[in-house]
Amino acid sequence: MLKFDFKKNFLWGSAFSGPQTEGAFFEDGKASSNWDYWFKKEKYRFFNEQPCRNDFYHRYEEDILIAKNLNFNSLRTSIQWSRLIPDGKTVNPKGVEFYNNVINTMLANNIKPIINLFHFDMPTWAQENGGWLSLEVVDAFTFFAKTCFELFGDRVEMFTTFNEPIVVVEGSYWYDWHIPNEISMQDGMQAQWNILIAHLRAVKAYRELKLDRQIGCLLNISPSIARSKNPADQEAAYYHDLFTLNCFLDPMVKNTYPEDLIKLAKKHNFMWTINPGDEALIADESLRVDFLGLNYYQPARVKCLDYLPNFANGAITPHYFYQPYDMPGRKINPYRGWEIFPKGIYLALMNLKNNYNNIPVYISENGMGVENEERFIKDGVIDDQYRINFVKEHLAWMQKAISEGANCFGYHSWAYIDNWSWMNAYKNRYGFVQLDLDNNGQRVLKKSAEFIQTTIANQAINYDEELI
Ligand code: BG6
């Protein structure tokens, strides 16, 4: 038996997001978002052409009660900008009512709401005005953030500005997972910078309101693991950190921006625009995050390049500086294609402990998406032992980091009920609870639901493997 020695009020719960659960795309005054627009335009890029069908907009009470019955004391969702301020200027009363209902229902069930502001979604008008390349959009986001703090800050003790901001950059400008589906190193870096500034301006607005609660950001941290000790592989790991982590983590926690990234951009001609006042925001210590959320799924194994890229006129991306490394024999979740490496959660937490002032952090996402889980149904219940093993192993490594001093105050899975996964739609399921789309979206507990319930009740798991 592995008994946890977590802090009092340790957060147990789960994350989800507005665009992945709400549905009701155009109901009650909601405007089109970038995802609504893209789905309409290129439906074929979404698995089985399925839109979000969780219907949290109408079923939030049922879903929050399920969370309570799993023994959760906290939940994270996001506010859809396109629902709250559809035209960027006027607050939608129906949007306010909905998010008030969600927050109040959580509180009435002793569930602490953690409210995130940007989970890959922006209104279509903002996308069409240049998305994160536009300073007008940065202004509009700051207004949206301030409005959320004013409307909900009396009850929400933890806000976060962005979920996985680097994924927005990668998806929109480097690897073609999100609209506007551009491939441009420089635009990607400009978006990275503007998102960072939008985050800092939101934190500034928060501090000015003197709400005296907490604001943070949710970062996906995939520890970089070099293929070998060869200096070229080591350098590849360094570059991976620069592009995917340090450009957000350093300014948010240490008030610095990686100089090496600026040098690289100047040398390779992808330097972005830095506006007056930006650097002062980064240097302002009062704008440091109060806490971080750490989304952990997989490590980033990297190696140096095998071949020379097209120097003359290639469309470069960060993969010009490092390449993903498929380590032979790595354990993989074949449905999502992601490596399963529970020790990575420990490595990420220890990095924050040792190099980032041991900033308070909670695991804000961790989970395993599996396709066609119906084949595992026994007596009406999905027997997802693989998910139980996955969570157990990650909890064990998280506990090890905590026992070695990591300042970790919670564990949230992704996500407790199956939900819509962007281009993968409903292909891979993550929940402890099945969303039965053939039966009116009925919520059915999987075997892992009982596991998480008892784990939280006992503050312990059955686990005796040696952690090396
Ligand atoms: C995280 C995101 O990166 O991973 C979630 O914050 C996402 O929005 C989750 O759903 C799982 O990834 P995917 O692509 O399988 O849904």
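How far is an oxygen atom of the ligand from an N or O atom in the side chain of S421? I looked this up before anything else, bearing in mind that the model is predicted, and I noted a distance of 2.6 Å for this pair.

**Entry 1: the ligand and its contacts**

I then went through other side chains in the same way, and found that an N or O atom in the side chain of Y430 is 2.5 Å from an oxygen atom of the ligand, while for the side chain of Y297 the corresponding distance to a ligand oxygen is 3.4 Å. I also looked up how much of the ligand is covered: taken alone it exposes 380 Å², and the protein buries 93% of that.

For the surroundings I wrote down Q20, H119, N163, E164, Y297, R336, W338, E365, W414, S421, W422 and Y430. Sorted by class, this shell has five nonpolar, four polar and three charged residues.

**Entry 2: the largest pocket**

I next asked which space the ligand takes, and found that this space is the largest pocket. I noted a volume of about 1200 Å³ for the largest pocket. Its lining is made up of 46 residues, and those closest to the centre are E170, W177, Q298, R336 and W338. Of these, R336 and W338 had already come up in my list of residues around the ligand.

As to the elements behind this lining, I recorded that α8 (165–174), α10 (231–254), β9 (300–303) and β12 (338–339) each give two or more residues, and that α10 supplies the largest share, with four residues. By class, I have the lining of the largest pocket down as 21 nonpolar, 16 polar and nine charged residues.

**Entry 3: the cavities**

I turned to enclosed space, and found four cavities of 30 Å³ or more in the structure. The largest cavity has a volume of about 80 Å³, and of the 13 residues that line it, Q127, W132, V168, S172 and I179 lie nearest its centre. Here α8 gives the largest share of the lining, three residues, and I note that α8 also appears among the elements that line the largest pocket. Eight residues of this cavity lining are nonpolar and five are polar, with no charged residue among them.

For the second largest cavity I noted a volume of about 70 Å³, with a lining formed by F16, T21, N54, F56, D63, A415, Y416, I417, D418 and N419. In this case the classes come out as five nonpolar, three polar and two charged residues.

Methods
Residues numbered from 1 in each chain as written. Heavy atoms only, no water. Near = heavy atom within 4 Å. Polar contact = N/O pair within 3.5 Å; in protein donor to acceptor, adjacent residues only side chain to side chain. Areas by Shrake-Rupley, 256 points an atom, 1.4 Å probe, with all protein chains shown as cover. 1 Å grid on protein atoms, 1.4 Å probe; cavity = no way out; pocket = protein on both sides within 12 Å on 5 of 7 lines; lining within 4 Å. Sits in = over half its atoms within 2 Å of the grid points. Nonpolar A, V, L, I, M, F, W, Y, C, P; charged D, E, K, R; others polar. Points joined across faces, edges and corners; volume = space filled by probe spheres on them.
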